[in-house]
Amino acid sequence: MTRFYLPALLLGLLATPPAVRADDHPADHWEVAVEAGYLEKVRDNSPLDYVIVPVQIAWRSPAAFDLWQGDSGARLRVRNRIAVILETYLEGAEDYYFAFAGAPSFELWNAAATDALFFEIGGGFGLTNANGTPGGQGQDFTVNWFSQLGARHQLDKQQALTAAAYFTHHSNLGMTDPNPGIDVLGINLGWVWQLD
């Protein structure tokens, strides 16, 4: 009988959902976040003043690996992030930008797993409504590059808030001439929910 119980016990422990394990960590779960920001032009590559309000739905994967773990339990974890983005232009030649973007997310967690600093850098592609305005985007298809540096605070095991400095660049990679691009910087705030 003991030979039956021991494997059954081990299988039961392995099948236990991560949410009830003692070593449960927020970065070990799939998440979805709703993020919104306010961005203003920071470079004179375009003669137009741009003010952009981005709204994103972002998904983060469970941690792929740890780059560092301290004796206290603090960790530097690496996850993956993908987002669907809708930007509304309050100022500028275009009215909107609909895009996708992906990036690694580097997260420095405290030992209690209640707070983290994070850095994300990546890019993607999307569509805007280019209208031929001098200084605007020369075509509808554009690529994007972004980075954000921020902080995260867990409200509980299932929810968190984020705040970040957010930079993004839009360009059409020289497919039109001129290709002034857009560079904007501002704040990005998010509400995060654990999915599993």
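Strand β2 supplies the largest share of a nonpolar surface patch, giving 3 residues to it. This picture comes from a predicted model, and the patch is a friendly place to start exploring it. The patch covers about 1,000 Å². Its members include four tryptophans, namely Trp 30, Trp 59, Trp 191 and Trp 193. They are joined there by Val 34, Val 55, Ile 57, Ile 82, Leu 155, Leu 161 and Leu 195. Two elements, β2 (51-60) and β9 (182-194), each contribute two or more residues to this patch.

One patch member, Leu 161, is worth a closer look. This leucine belongs to strand β8, which spans residues 159-171. Is Leu 161 buried, partly exposed or exposed? Its relative accessible area is 37%, so Leu 161 counts as partly exposed, because that class lies between the cut-offs of under 20% for buried and over 50% for exposed. A residue also needs over 30% relative accessible area to join a patch, and the 37% of Leu 161 satisfies that condition.

Stepping back, the chain as a whole can be described. Its secondary structure consists of 1 helix and 9 strands. Reading from the N terminus, the helix comes before the strands, in the order α-β-β-β-β-β-β-β-β-β. Of the 196 residues in the chain, 41% are buried. The surface that the chain exposes amounts to about 10,300 Å², and carbon and sulfur atoms provide 67% of that area.

How do contacts link distant parts of the sequence? Among contacts between residues at least 6 apart in sequence, 63% connect residues at least 24 apart.

Key. Residues are numbered from 1 along each chain as its sequence is written. This is a predicted model: local features need pLDDT of at least 70, side-chain atom pairs count only at pLDDT 80 or more; totals for chains, interfaces and linings use all residues. Side-chain values use heavy atoms; hydrogens and water are left out. Helices (H or I, at least four residues) and strands (E, at least two) are DSSP runs, numbered from the N terminus. Buried means under 20% relative accessible area, exposed over 50%, partly exposed in between (1.4 Å probe, protein chains only). Contact means heavy atoms within 4.5 Å. Accessible areas come from the Shrake-Rupley method with a 1.4 Å probe; for residues, only the protein chains shown count as cover. Patches are made of residues with over 30% relative accessible area and no salt bridge: like charges are joined within 9 Å, nonpolar side chains (Val, Leu, Ile, Met, Phe, Trp, Tyr) within 5 Å. A salt bridge is a side-chain nitrogen of Lys or Arg within 4 Å of a carboxyl oxygen of Asp or Glu.
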